[in-house]
Structures are given as C-alpha cells and as structure tokens.
Amino acid sequence: MVNVNSVSETVTMPRRAPWGWVVLATILWVAAYASLTPFADALLTLTGLSPQSHLGGALQFFFYDTPKVLLLLTGIVFVMGIVHTFVSPERTRAMLSGKRLGVGNVMAATLGIVTPFCSCSAVPLFIGFLSAGVPLGVTFSFLISAPMVNEVALALLFGLFGWKVAALYLGLGLTVAIVAGLVIGELKMERYLEDWVRAIQVGNAVDLVLERPSWVERIDAGVAHIKEIVGKVWPYILGGIALGAGIHGFVPEDFMAGIMGKDAPWWSVPAAVAIGVPMYTNAAGIIPIVEALLGKGAALGTVLAFMMSVIALSAPEMIILRKVLKPRLIATFAGVVAAGIMLVGYVFNAVL
C-alpha cells in the first residue's frame, strides 16, 4: 500500500515585487539630494580652504557635483531600466520596418530617446535594421538620436539646468536626427554600404509575441541597469566633474567668454564641434563640463553644439561604423550631422 502523504511536490511561490524597498530607496534618495549643499560645504570646511579661492572653488564644485550627478544618474537609470523592459530591439525593428522617409524618420528619432542603445551598438543595429527592411535614412535617424537624445542626457540637463534647457536640447537633437536622416535618405547612398552588408536579404520584420515580464522582473531589470550603466560610466563622470571643477575654479571668466561667449568670433561654433569629435565620453561625463563652461560665460548655443558633437560624432563611433559603411557614406553622415549641429549653435546664439 502506497502512502500518498509520502509523495510531496515542491511548489515555488512567485516572488512579490519589493515595493517596500523601492519606497525606502526613494525616500533615502530624496533626503540625500536635499543634503547636497551642506554636504559639500562640510567637506570643504574640512580642507580649511575658502570657496573664494581658486582651489577652494574647484573643490566645492567637485564635492557638490559628484554626488549630485551620481544620484541623478542612479535614479534615472533605474527608471529607464524598467522602461526598457517595454521596448526591446526586436520590437523596435518591427516598428520601423517598411516605414517610408518622413514618418519613419520621426518615429526612429523618437524611439531613439527611450531605447538603450549607444554608439557601441551601431554595427549590430545597423545590420539588424537593414535586414528588417528599415530604410537607410530612417536607420541613421535612429542611430543619431539614440546616443545623442538619450534619457540620461535629458534628465541630467533637467536636474542641473532646468526644464527649458532640457526641452531645448530635446528639440534640437530630434531636429538634427530627423533632418540628417532625411538628407541621407534622399541622397540614395545605399551603394556606399559595404558589399557584405548590401548582400543581406532585406525582408519584412516578423510579428513578435514576447512574454510580458512581471513587475518583479522589471524592478530586477532596473537594478541590473544601475549596476551595468553606472558601473561603466562612473570613471567618465569623475573625469568630467574634475575637468569641470578645474574650469570653474581656475579659468578666468573673461577668457572663456572671449572664446565661447556670444560675442566670440564666428569660428567659435565650428571650433567647439571640432574639439568635441575626438573626445570619447558620454552624456554623464560631458554635462559637468557643460555646466562649468556655461558658468564661465560661454554661450548656450556654442556649448550645446560642443555637447552634441561629443555624443553624436565621436571618433570611436566612426571607427565602428567603418565596418559596415564605405568612407564616402561615413564622411556624408559626419558632414550632414556636423552641419546641423553648427546651424543649431549659430541660431541659438543669435536668438538667446
């Protein structure tokens, strides 16, 4: 006789979303953000330096901006890690496949804001988009928008400069991405793709049925996003803040205003773009430098042009894209985007 009670099954209970921990972390985040100024002042007091001195002013900038940027970045990355569970690369390709120039460029540039792609993803994305039937010009709108108009840049700009500057950057970045993609699309430059890329059969993206993650999995994705992104970019953040602190504490206002101010020579905007291209950093690393430049009297249009060139036209991205694009198409891409960025700088220096 078999005892049925001896047969047991192990039932794994589903995990419950840790909302209590999320609320506690939010409260601690808000408290830490509200304590930034006394924290920086206390650290500066320990050094015995005056904030009016060059070194004291630089250190105060560093002590204040380092926790501020890291707090903003951590909060933003967590939220966007959850958002990204709703937007996958496959679904993005499916949404853009078969879209014509115009509507497709607007959709692609808008999707670039909320998708977790950077210039290092250019090669697989480029191939994947083309194989899914996404036109060349539409693909470029996405590849320009994704690194340049990303959620980290927008949220840090909002936290440091307010909603007007963040909205301005959003509008400028989308305009550059849309127009550049339209221009490249109208030039019909598919023949300047590398031969092995052109040989890929262009078809329609398949309809995808993806399993919806639970909120436990979404929160886990947010935490993993923090570990991955903040873990990668914190050296750039410290480097950018250190450089910004040096500019803030030691560079005379008259000097910076003469080079990048509203009354600076006409070549200041092209020079800012040319300086930005070889730099290899991201929005989190460049925004503290932007903050310091604006504080020293640099014109907003010139500084935004500099920032856009660093994020959207970095030399490493050009090297990566060389694997799939012939030099003429790379030069066209860089020239169109650089022209759009410079136009943005000139217009806003004239208007603001």
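The axes of helix H5 (residues 103–114) and helix H9 come within 9 Å and cross at roughly 135°. Helices here are DSSP runs of H or I with at least four residues, numbered from the N terminus, and their axes are lines fitted to C-alpha atoms over the stretch in contact, with angles from 0 to 180 degrees between N-to-C directions. The model is a predicted one, in which local features need pLDDT of at least 70, side-chain atom pairs count only at pLDDT 80 or more, and totals for chains, interfaces and linings use all residues. Residues are numbered from 1 along each chain as its sequence is written, and side-chain values use heavy atoms, with hydrogens and water left out.

The angle makes H5 oblique to H9; angles under 35 degrees count as roughly parallel, over 145 as roughly antiparallel, 65 to 115 as roughly perpendicular, and the rest as oblique. H5 passes H9 in a right-handed crossing, a term used if the near helix is turned clockwise from the far one by less than a right angle, while an anticlockwise turn is called left-handed.

Helix H9 (residues 163–186) also packs with H15, at an angle of about 55° and with the axes 12 Å apart. H9 and H15 are therefore oblique to each other, and their crossing is right-handed. H15 (residues 300–312) has a further neighbour in helix H13 (residues 268–276): the two axes come within 7 Å and cross at roughly 25°. This angle makes H13 roughly parallel to H15. The crossing in which H13 passes H15 is right-handed.

Individual residues can be placed on this framework. Gly185 lies in helix H9 and is buried, with a relative accessible area of 4%. Buried means under 20% relative accessible area, exposed over 50%, and partly exposed in between, with a 1.4 Å probe and protein chains only. Along the sequence Gly185 and Leu136 are 49 residues apart, yet in space their C-alpha atoms are 6.1 Å apart.

Lys188 sits in the loop between H9 and helix H10 (195–198). What is the phi of Lys188? Phi is near 50° here, a positive value in a residue other than glycine. Most residues other than glycine have a negative phi. Lys188 is exposed, with a relative accessible area of 51%.

Two partly exposed residues come next. Leu70, found in helix H3, counts as partly exposed at 27% relative accessibility. The C-alpha atoms of Leu70 and Val233 are separated by 9.9 Å, although the two residues are 163 residues apart along the chain. Pro51 lies in the loop between helix H2 (36–47) and helix H3 (54–83), and its relative accessible area of 36% makes Pro51 partly exposed. Between the C-alpha atoms of Pro51 and Asp41, 10 residues apart along the chain, the separation is 8.9 Å.

On the surface, Leu343, Val347, Val351 and Leu352 make a nonpolar patch of about 380 Å². Patches are made of residues with over 30% relative accessible area and no salt bridge, joining like charges within 9 Å and nonpolar side chains (Val, Leu, Ile, Met, Phe, Trp, Tyr) within 5 Å. A salt bridge is a side-chain nitrogen of Lys or Arg within 4 Å of a carboxyl oxygen of Asp or Glu. Accessible areas come from the Shrake-Rupley method with a 1.4 Å probe, and for residues only the protein chains shown count as cover. Leu343 lies in helix H17 (residues 327–351) and is exposed, with a relative accessible area of 53%.

Notes
Helix = DSSP H or I, 4+ residues; strand = E, 2+ residues; numbered from the N terminus.
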